[in-house]
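Please read the following note with the model open beside it. Each numbered point takes up one part of the chain.

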Amino acid sequence: MLGGVLLLAHLAVAAEIVLEPNPNPSVPLAAIAKIDSQTPVRVDLHVSDGERGWTVVLSEYRARHEIPVLGMRPGREHTVTAKLTDSSGRVENLAPRKYSTPELPYGLERPFPNVEVVKSAPVTTAAVTISPVHQRGGLAGEQGGYGLLVGLNSAGEIVWYYQSDFIMWYVLALENGNLHSGANDGTSIELDLLGNVVRSYRG
């Protein structure tokens, strides 16, 4: 109570979650969620397509968050919600936002491979397995100068992919969350999961 006026504590936050497509077109199934607040907060971001959902927890208190949204299935509408918590434990839930992912580019000059699921398990998270795609006579296309990393969930569904202009012979997961791959010209690259080249070098 101050001067006869009751002061209510609120989190001063942005009115909404801002969802933007990944600016790097090499990973078109990813998006970026932007949340600004006037005080530092931590974020619990929940993503759901109506059948499967998962939560990304950012424990660091910051006034500005840019969160990669990964693991979404193609051609679906997703609902994204966020719970913000400040250092005093006060909580605010932001209004949900919708985001639709593009369809896979079947029928284009660089078609996707067919995936046969031998054994399936219920999928309730965004966990993916990423592997390079190889085809007899080269990689996806007649020119043989096209590379593809594909991320599958445990049901064999494509939930992430990275397109490159060079053949990639292998992919390794690094401790910092990035990927390491080797190109057919001897170049090694480190990628983040939005498809950005962090560093490259020739062995």
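**Notes on the predicted model**

1. Asp 165 belongs to the loop that connects β8 (158-164) and β9 (168-173). The model is a predicted one. With a relative accessible area of 65%, Asp 165 is exposed. Its C-alpha atom is separated by 9.8 Å from that of Ser 26, although the two residues are 139 residues apart along the chain.

2. The strand before this loop, β8, has six of its seven residues buried, so the rest of the structure largely encloses it. Strand β7 (residues 147-152) is joined to β8 by six bridges, and the two run antiparallel. Within this pairing, Leu 148 stands opposite Gln 163 of β8. The hairpin of β7 and β8 has five residues between the strands, and Gly 156 takes a positive phi near 80° there.

3. After the loop, attention turns to β9, the strand in which Leu 172 is placed. Leu 172 counts as partly exposed, because its relative accessibility of 47% lies between the limits of 20% and 50%. Together with Trp 169 and Tyr 170, Leu 172 makes a nonpolar surface patch of about 310 Å².

4. His 180 is located in strand β10 (residues 179-183). Is this residue buried or exposed? His 180 is buried, its relative accessible area being 12%. Leaving aside residues up to four places away in sequence, His 180 touches Tyr 170, Val 171, Leu 172, Leu 174, Ser 188, Ile 189 and Tyr 201. The side chains of His 180 and Tyr 170 are also joined by a polar contact of 3.5 Å.

5. The charged residues deserve a separate point. Side chains of opposite charge can pair when their charged atoms come close. The structure holds nine salt bridges. One of them is formed by Lys 34 and Glu 20, whose closest N and O atoms are 3.1 Å apart. This pair links distant parts of the chain, with Lys 34 in strand β2 (residues 31-48) and Glu 20 in strand β1 (residues 18-21), 14 residues apart. Lys 34 is partly exposed at 26% relative accessibility, and Glu 20 is partly exposed at 30%.

6. Two further salt bridges may be examined. Arg 42 pairs with Asp 44, the closest N and O atoms being 3.2 Å apart; Arg 42 is partly exposed at 25%, whereas Asp 44 is buried at 15%. Asp 86 and Arg 90 meet in a salt bridge of 2.7 Å, N to O. In addition, Asp 49, Glu 51, Arg 73, Arg 76 and Glu 157 are joined into one network by salt bridges that share partners.

Note on methods
Residues numbered from 1 in each chain as written. Predicted model: local features only at pLDDT ≥ 70, side-chain atom pairs only at ≥ 80, totals over all residues. Heavy atoms only, no water. Helix = DSSP H or I, 4+ residues; strand = E, 2+ residues; numbered from the N terminus. Buried < 20%, exposed > 50% of the residue type's maximum accessible area, 1.4 Å probe, protein only. Polar contact = N/O pair within 3.5 Å; in protein donor to acceptor, adjacent residues only side chain to side chain. Contact = heavy atoms within 4.5 Å. Patch = residues over 30% accessible without salt bridge, like charges linked within 9 Å, V, L, I, M, F, W, Y side chains within 5 Å. Areas by Shrake-Rupley, 256 points an atom, 1.4 Å probe, with all protein chains shown as cover. Salt bridge = Lys/Arg side-chain N within 4 Å of Asp/Glu carboxyl O. Pairing = 2+ DSSP bridges.
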